[in-house]
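Hi there,

Here is the structure I promised to pass on to you. Please have it open while you read, as my notes come right after it.

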Amino acid sequence: MKKRLCCALLALLMAAPLCACGGAGRRGETAASPAEEAPAAAETVTAIDEPAFPLLSAPFSESESEAMVNHNAARFALLVDNFYYTRGYYADGGCALVRYEVIDESLHHRTVLVDDCGADYLTETGGRLYYLNSAHTVESVSTGGGDVREELALRCRSLQLYDGALLALAEDGTLLSLRGGETETLLGGCSWAFASSAGVFYTALSDGRVHLYRPEARTDVTLTAVAAETPTVIGQTLYYLAREGDGGHLCALDLIDGTSRRMASAVSRAPDFIRLGSGWGVRLFGLVGETQQRTAACEALFDEPLVSTTAEPGRLFVCRGLDGDLRTDEILYLDGTPLGTALILPDGRSYPLYAEDNPRN
């Protein structure tokens with residue numbers, strides 16, 4: 001299904017770039033961006049404001065939900081064979097893309113692959129690591145180190161590997177496909193985008209609402225009535241954060257039966273989805289003045305009162321990479337300043353890698 005969808009997406013959209021994603025490119029520019037071209041192509045797409053359920057033929061698999069969580073986490077850590085690639089913070093505030101060898105569930109032989117590099121949206125294919133560097137352009141490096149290449153000079157919002165192609169969302173909202181040295185325009189006017197077996201989920205630059213573009217049906221379905229942050233599909237449920245006067249409220253839409261829910265308690269940060277026990281959980285951080293995160297199973301999110309546990313006071317833990325039962329957390333001060341990272345094993349053991357213990361030389 002993934003291969004069929006991607007082929008349909010590329011075949012339909014490479015031939016005629018769309019402007020159906022809800023907006024123009026950068027403001028203030030006189031030249032048309034790719035997102036603003038070929039208005040006639042948009043007429044062949046049916047816009048649907050009132051979705052008809054079910055919108056999914058089957059719930060997302062564990063691996064596809066994990067891929068969407070990693071995408072929203074702008075992952076900077078992943079495990080390939082017996083090598084662990086991650087961001088390493090320096091004591092002077094800098095960072096690098098580093099590699100560790102995993103031996104007996106411990107990390108050994110650290111190698112710096114690319115210095116002064118954030119390596120967000122890290123992915124691997126064909127023996128190379130692809131990522132957004134500190135300048136937010138697409139770059140790659142050999143998994144063994146060396147041969148650093150610039151793949152796309154445009155500043156980008158995100159990067160995704162889907163069915164052998166790299167999908168880069170340019171800063172102006174244009175979703176591009178990079179394959180075999182060729183760059184093709186797929187969609188325009190997107191502030192966020194994620195390709196999946198169900199189609200392309202995206203948020204529109206014009207109003208921030210979540211859409212689902214289905215290339216096989218040539219339909220564009222609006223999923224939310226309001227602007228949404230970090231849309232995430234876990235199983236058959238779309239979770240997103242909606243901003244209101246008192247803060248953000250976590251909402252959920254069942255993509256099969258259409259049921260919608262909203263958490264009464266407000267939070268200050270976007271939800272952080274992680275595996276919790278045998279299922280999925282979410283970490284939430286409250287309004288100004290709170291010093292602890294709350295963690296709850298997804299099925300308990302809308303219970304009143306919220307069933308939760310608390311994390312370490314004065315620290316913020318944000319998932320920056322899932323590999324099955326392995327998780328990489330970024331450890332932050334409450335103001336967002338990074339302290340370091342931690343590799344979390346399935347049994348709960350943690351291997352923290354603090355910046356203060358990592359001088360540049």
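Below are my notes on salt bridges, cysteines, one asparagine and one sheet.

Please keep in mind that this is a predicted model.

**Salt bridges**

Searching the whole structure turns up 22 salt bridges. Three of the pairs are described here.

Let me begin with Arg87, which forms a salt bridge with Asp120; their closest N and O atoms are 2.7 Å apart. Arg87 belongs to strand β3 (residues 83–89) and Asp120 to strand β6 (residues 120–125), so this pair ties together parts that lie 33 residues apart in sequence. Is Arg87 buried or exposed? With a relative accessibility of 10%, Arg87 counts as buried. The pair also has company: a network of salt bridges links Arg87, Asp120, Arg320 and Glu330.

Next comes Arg349, whose salt bridge is with Glu105, again with the closest N and O atoms 2.7 Å apart. Here the linked parts of the chain are distant, 244 residues apart: Arg349 sits in the loop between β28 (338–344) and β29 (350–354), while Glu105 sits in the loop between β4 (95–103) and β5 (106–115). Arg349 is partly exposed, at 37% relative accessible area.

The third pair is Arg360 and Asp115, whose side chains meet in a salt bridge at 3.5 Å, N to O. Arg360 is in the segment after β29 and Asp115 is in strand β5, so the pair ties together parts 245 residues apart in sequence. Both partners are partly exposed: Arg360 has a relative accessible area of 29%, and Asp115 has one of 37%.

**Cysteines**

How many disulfides does the structure hold? The count is zero. As a reminder, a disulfide is a covalent bond between the sulfur atoms of two cysteines. Take Cys95 as an example: the closest cysteine sulfur to its own is that of Cys117, and at 7.1 Å this is too far for a bond. The cut-off used for a disulfide is sulfur atoms within 2.5 Å. Cys95 counts as buried, at 14% relative accessibility. Cys319 is buried too, with a relative accessible area of 2%.

**Asn133**

Where does Asn133 sit? Its place is in the loop between β7 (128–132) and β8 (138–142). Asn133 is buried, with 13% relative accessible area. Its side chain reaches the backbone nitrogen of Ala135 at 2.9 Å, and the side chain of Asn133 also makes a polar contact with the side chain of Glu139, at 3.1 Å. If you set aside its neighbours within four places in sequence, Asn133 is in contact with Cys117, Ala119 and Glu139. Cys117 is thus a residue you have met already, as the one holding the cysteine sulfur closest to that of Cys95.

**The sheet around that loop**

Strands β7 and β8 belong to an open sheet of four strands, ordered β6-β7-β8-β9 with antiparallel pairing. The edges are taken by β6 and β9 (149–152), each with a single partner strand, so one side of each has no neighbour in the sheet. From one strand to the next, the twist averages 25°. In the middle of that order, β7 and β8 pair in the antiparallel sense over five bridges, and Tyr130 stands opposite Ser140 in β8. Edge strand β6 also brings you back to the start of these notes, since Asp120, the partner of Arg87, lies in β6.

Happy reading, and do write back with any questions.

Best wishes

Conventions
Residues are numbered from 1 along each chain as its sequence is written. This is a predicted model: local features need pLDDT of at least 70, side-chain atom pairs count only at pLDDT 80 or more; totals for chains, interfaces and linings use all residues. Side-chain values use heavy atoms; hydrogens and water are left out. A salt bridge is a side-chain nitrogen of Lys or Arg within 4 Å of a carboxyl oxygen of Asp or Glu. Helices (H or I, at least four residues) and strands (E, at least two) are DSSP runs, numbered from the N terminus. Buried means under 20% relative accessible area, exposed over 50%, partly exposed in between (1.4 Å probe, protein chains only). A polar contact is a pair of N or O atoms within 3.5 Å; within protein, one must be able to donate a hydrogen and the other to accept it, and residues adjacent in sequence count only if both atoms are side-chain atoms. Contact means heavy atoms within 4.5 Å. Two strands pair if DSSP finds at least two bridges between them. Axes are lines fitted to C-alpha atoms, for helices over the stretch in contact, and angles run from 0 to 180 degrees between N-to-C directions.
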